[in-house]
Amino acid sequence: MSVAIADVNSDNKSDIVVANQGSNTVSVLLNTGNGAFNAPINYTVGGGPFSVAVVDVNSDNKPDIVVANYNSSTVGVLLNTGSGTFYAQNTYPVGRGPQAVAVVDVNSDNKPDIIVANGGSNNIGVLFNAGNGTFNAQTNYSVSTNPQSVAVADVNSDNKPDIIVANYGSSNIGVLLNIGSGTFNPQTTYAAMYAPYSVAVADVNSDNRLDIVVANYGNSVGVLLNAGNGTFTAQTVYYVDIYPYSVAVVDVNSDNTPDIVVANYGSNDVMVLLNTGSGTFNTGTRYIVDTAPHSVAVVDVNNDNKPDIVVASYSRNTVSVLLHC
């Protein structure tokens, strides 16, 4: 189960999009205002949708849905009809067991491309946007065992987005630098703690270089500071609750430094670790949510200019919204 937040019906309110692994659907919950949401509208996708992203892929100024279908080994693209409803998915074959998807223009043609972590085939697939929201066959890049999560951002300041992947089975982070035209060097790996499950990228120490934040399934969050030229220092570890599954990095206390928000699957909570200002973090504050939180996003959903927390919980098929006080 995965959650993404975007205004899909052009009413200037952030809506929720959820990948429902058990029912082979994605759900769209439209924001009614003040951070409340309508009942979900469901769209059938492939088998075992595991990850979802919401980005305008056909340049019509309406965000579309891209979903990684784990059991079907496909990615699905659902184009927005214009009113926050979506057409049936078009599917594209990828590697075995796609577990994470990101949508970013990696070849500088002003069209967002699809980057997918194929957990069962130990590679990253890059599908170039061919125009009008259609995509070319994937190009594969080998990584380590069971890539679980992917982020795409320029980590070496060359104005080309790079790929960062959490390799769950190898307990490392892979960085694939973009060499131009959307092709990538082989990964450079950095040790993580046991079983990294989720990765995010943000400048956490205000040096204008993007750092890596990783949720390690063995009860910790790791911060790898950017040492320059897209290389990274050894991680600093912060212990959290049981089985952190998902991490987001957003400034939640308006001090202009990004904080860490992590969903702890095994302890039914989210924790917020405030940035001290130098890229180090305080002990987490715990907030109880529904059973088995699997994915977290941090966005202002009630238009008060304060970021709120949205959590998708696996066991009881719910989405929880924690409004910022």
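**Exercise 1. A salt bridge and its exposure**

Which residue forms a salt bridge with Asp-109, and how far apart are the closest N and O atoms? Then classify both partners as buried or exposed, or in between.

*Solution.* The model is a predicted one.
- Step 1. The partner of Asp-109 is Lys-111, and their closest N and O atoms lie 3.4 Å apart.
- Step 2. A salt bridge requires the nitrogen to be within 4 Å of the carboxyl oxygen, so 3.4 Å qualifies.
- Step 3. Asp-109 has 25% relative accessibility and counts as partly exposed.
- Step 4. Lys-111 has 24% and also counts as partly exposed.
- Step 5. Buried means under 20% and exposed means over 50%, so both residues fall in between.

**Exercise 2. A bridge across the chain**

Find the residue whose side chain meets Arg-286 in a salt bridge. Place both residues in the chain, then assess their exposure.

*Solution.*
- Step 1. Arg-286 meets Asp-241, with 2.5 Å from N to O.
- Step 2. Arg-286 sits in strand E32 (residues 285-288), while Asp-241 lies in the loop between E28 and strand E29 (244-250). The two are 45 residues apart, and the pair links distant parts of the chain.
- Step 3. Arg-286 has a relative accessible area of 46%, so this residue is partly exposed.
- Step 4. Asp-241 has 15%, under the 20% limit, so this residue is buried.
- Step 5. Salt bridges with shared partners join Asp-241, Asp-269 and Arg-286 into one network.

**Exercise 3. Salt bridges in the whole structure**

How many salt bridges does a search of the whole structure find? Examine the one formed by Lys-13.

*Solution.*
- Step 1. The search finds 9 salt bridges.
- Step 2. One that Lys-13 forms is with Asp-11, where the closest N and O atoms are 3.3 Å apart.
- Step 3. Asp-11 is partly exposed, at a relative accessible area of 26%.

**Exercise 4. Two open sheets**

In what order do the strands of the sheet containing E23 run, and which strands stand at its edges? Repeat for the sheet containing E7.

*Solution.*
- Step 1. The order is E23-E24-E25-E28, an open sheet of 4 strands with antiparallel pairing.
- Step 2. Strand E23 (196-202) and strand E28 (236-239) each have a single partner strand, so one side of each lacks a neighbour in the sheet.
- Step 3. The twist averages 20° from one strand to the next.
- Step 4. E23 and strand E24 (residues 211-216) are joined by 6 bridges and run antiparallel. Here Ala-200 faces Val-213 in E24.
- Step 5. The sheet with E7 is open too, with 4 strands in the order E7-E8-E9-E10 and antiparallel pairing.
- Step 6. Its edge strands are E7 (49-55) and E10 (90-93), each pairing on one side only. Here the twist averages 20° from one strand to the next.
- Step 7. Strand E9 (residues 74-78) pairs with E10 in the antiparallel sense over 4 bridges. Val-77 has Asn-90 in E10 as its bridge partner.

**Exercise 5. The domain interface**

Describe the interface between domain 1 and domain 2 by contacts, buried area and salt bridges.

*Solution.*
- Step 1. Set the bounds: domain 1 covers 1-142 and domain 2 covers 187-324. Their C-alpha centres are 22 Å apart.
- Step 2. Contacts involve 16 residues of domain 1 and 20 residues of domain 2.
- Step 3. The domains bury about 1300 Å² between them, with 67% of it on carbon and sulfur atoms.
- Step 4. In domain 1, Met-1, Val-3 and Ile-5 lose the most area to domain 2, together 44% of what that side buries.
- Step 5. The count of salt bridges between the two domains is 0.

How values were computed: Residues numbered from 1 in each chain as written. Predicted model: local features only at pLDDT ≥ 70, side-chain atom pairs only at ≥ 80, totals over all residues. Heavy atoms only, no water. Pairing = 2+ DSSP bridges. Axes fitted to C-alpha atoms, helices over the stretch in contact; angles between N-to-C directions. Buried < 20%, exposed > 50% of the residue type's maximum accessible area, 1.4 Å probe, protein only. Domains from an automatic or database assignment. Contact = heavy atoms within 4.5 Å. Buried area = accessible area lost by both parts, 1.4 Å probe.
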